[in-house]
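Open the model in your viewer and keep the selection box handy. Each stop tells you what to select and what you will find there.

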Amino acid sequence: MTSLWKRLVSGLLLALLSVCFVNDAHALPAFARKYGLRCSACHEAWPMLNYFGQKFKDNGYQLMNDRDAPIWQNNGYWPVTIRITPSWHRESTDKVAVDQAPTGQQRITAHGFDVGGLDLLSGGTLDKNISFLFVLSSDETAAFHFESVNARLDNLFGSPWLNIKMGKFELDNIVSEKRGLTLTANGGGYQLYHFVPLGDNNFVGQIGDNQFGLEWLGHSANDRTRISATLLSSNDGNVDLPGSNSYSGFFAASQAFDVGKLGTQRVGFYAMVGQAPTNVLTSDTVPIAGGGFGNKTFSRVGFNGIFYLKKLDFQVVTQHGSDNAYFATSTAAPGPLPAGARSAVWNGAFVETHYVYSPQLIFIQRSEWIRMSQQAIPGTPSNLGDIDNYVIGYRYMPFMTSRAGFAFHNEYSWIRQRGGAPDGTDLASNSLMLGFDFDF
């Protein structure tokens, strides 16, 4: 097995495992405590927002009444929430490079009791129309990082069309990975939001990750129309300016409309376009922070929508992605490209369905597909790197109060990537999880 295949397989496995139980969703009972509301007022099933919850968020965590201002709050109020997920889970991958295996690879299956990462969340208003969000997250080993830290100026000059946010935050996309309802290793994140073709080294274009930047958000008074534009550092949310002076832009817009008894539907689009370094300056072969150069372009564009059919709703996302040939072939610019090298291009989509039996019980499924449209190297199999991902599960929430939330979560997920195994065949993995998801 070549070192390239080893890196590709290792990268895929790390990507699959990295989303295991670290779904940094922002559900804060602290807001419910502040306003005396149940969590179900803002959440279809926590942490997924309903229409009222999205409007509350867009208004800068304000209901636009006297209780918004901190000066009117009880002195004993402290807007902090903790969230963690103890669980039993089973992980199985069919083709892993193993020294002891006669063929050099074998299926690896592991199962047992475990715990996910911990989130410490705080958010609210500092004064009227000045709001903040802070999320300190750890992995399962208690290694902490800043998942979110941002401040907002809301309703500038009295207009809901002028809202400015700066810091590290989730990109403004109506179908949110950070508020997703799935938690397994193979289903906890949206593959489409993190997809990188095999052989590609562009880590910057992952729209599912929180990013550093400056965002303008505008919305109508009833929040039916939303539009945003964001300037981002091209470093995928990493601190201390690790790359060069390169920037990316993220743009989104959506429109909601009523369809009688079916409820409020919403459709929109998003685009992430920009450039990022493909090379870095070194000192004694050690990369220099801020020394990135050889910037090349990338793009992710698509349509999305949220559609309701009484108790059934559908979240639909499409994407057309492209990475410059230097990213696609992992070549450091201005070095020579492999013969015939060109941009990597792909298309993808997913449909996530929720059946809300009651505010306490929700059934979930997601089907996701990514297909390569153009390989970076001519002659490469056209389906190399294609992904199929399927998730099914449910969340039962025996109570949702202004003090705490608790859910019993049961989920199964399966993923396959064409050509991702050590021997160049397909690589498939599956995850099964039974766990307690709680916040306070």
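**Stop 1: the cavities**

Start with empty space. A search of the whole structure, which is a predicted model, turns up six cavities of 30 Å³ or more. Rolling a probe the size of a water molecule over the atoms shows where such empty space is left.

Go to the second largest cavity, which holds about 110 Å³ of space. Which residues should you select to find its centre? Pick Lys57, Tyr61, Leu133, Lys165 and Glu170, the closest to the centre among the 13 lining residues. Now colour strand 7 (130-138), strand 8 (144-153) and strand 9 (163-169); each of these gives two or more residues to the lining. Colour the lining by residue type next. You should find four nonpolar, four polar and five charged residues.

**Stop 2: the second largest pocket**

Move on to the second largest pocket, with about 400 Å³ of space. Select Leu49, Asn50, Gln54, Ile174 and Ile306. Of the 26 residues that line this pocket, these are the closest to its centre. Which elements give two or more residues to the lining? They are strand 2 (48-49), helix 3 (51-58), strand 13 (264-283), strand 14 and strand 16. By type, the lining divides into nine nonpolar, 10 polar and seven charged residues.

**Stop 3: Asn50 and helix 3**

Stay with Asn50 from the pocket lining. Asn50 sits in the loop between strand 2 and helix 3. Is Asn50 buried or exposed? Its relative accessible area is 18%, and buried means under 20%, so Asn50 counts as buried. Show its contacts, leaving aside neighbours within four places in sequence: Ser40, Ala41, Cys42, His43 and Glu44.

Then step into helix 3. Select Gly53, Gln54, Phe56, Lys57 and Asp58; these residues of the helix are buried. You have met two of these names already: Gln54 in the pocket lining, and Lys57 in the cavity lining. Just past the helix, click Gly60, which has a positive phi near 80 degrees.

**Stop 4: three strands**

Select strand 14 (residues 286-309) and strand 15 (residues 312-323). The two pair in the antiparallel sense over 10 bridges. Zoom in on Leu309, which stands opposite Leu312 in strand 15. Two residues lie between the strands of this hairpin. One of the hairpin's residues, Lys310, takes a positive phi near 60 degrees.

Add strand 16 (residues 344-358). Strand 15 pairs with strand 16 too, in the antiparallel sense and over 12 bridges. Where is the bridge partner of Gln315? Look in strand 16, at Glu352.

**Stop 5: Gly321**

Remain in strand 15 and select Gly321. Gly321 is buried, with a relative accessible area of 0%. Leaving aside neighbours within four places in sequence, Gly321 is in contact with Ser299, Arg300, Ala344, Val345 and Trp346. Now try the distance tool. Gly321 and Val391 are 70 residues apart along the chain, and 23 Å separates their C-alpha atoms.

**Last stop: confidence**

Finish by colouring the model by pLDDT. The mean for the protein is 88, and 90% of its residues reach 70 or more. Residues 1-25 are another matter: there the pLDDT is below 50. Beyond near neighbours in sequence, this stretch has 61 contacts in the model. Where pLDDT is low, the predicted coordinates should not be read in detail.

Conventions: Residues numbered from 1 in each chain as written. Predicted model: local features only at pLDDT ≥ 70, side-chain atom pairs only at ≥ 80, totals over all residues. Heavy atoms only, no water. pLDDT = per-residue confidence, 0-100. Contact = heavy atoms within 4.5 Å. 1 Å grid on protein atoms, 1.4 Å probe; cavity = no way out; pocket = protein on both sides within 12 Å on 5 of 7 lines; lining within 4 Å. Points joined across faces, edges and corners; volume = space filled by probe spheres on them. Helix = DSSP H or I, 4+ residues; strand = E, 2+ residues; numbered from the N terminus. Nonpolar A, V, L, I, M, F, W, Y, C, P; charged D, E, K, R; others polar. Pairing = 2+ DSSP bridges. Buried < 20%, exposed > 50% of the residue type's maximum accessible area, 1.4 Å probe, protein only.
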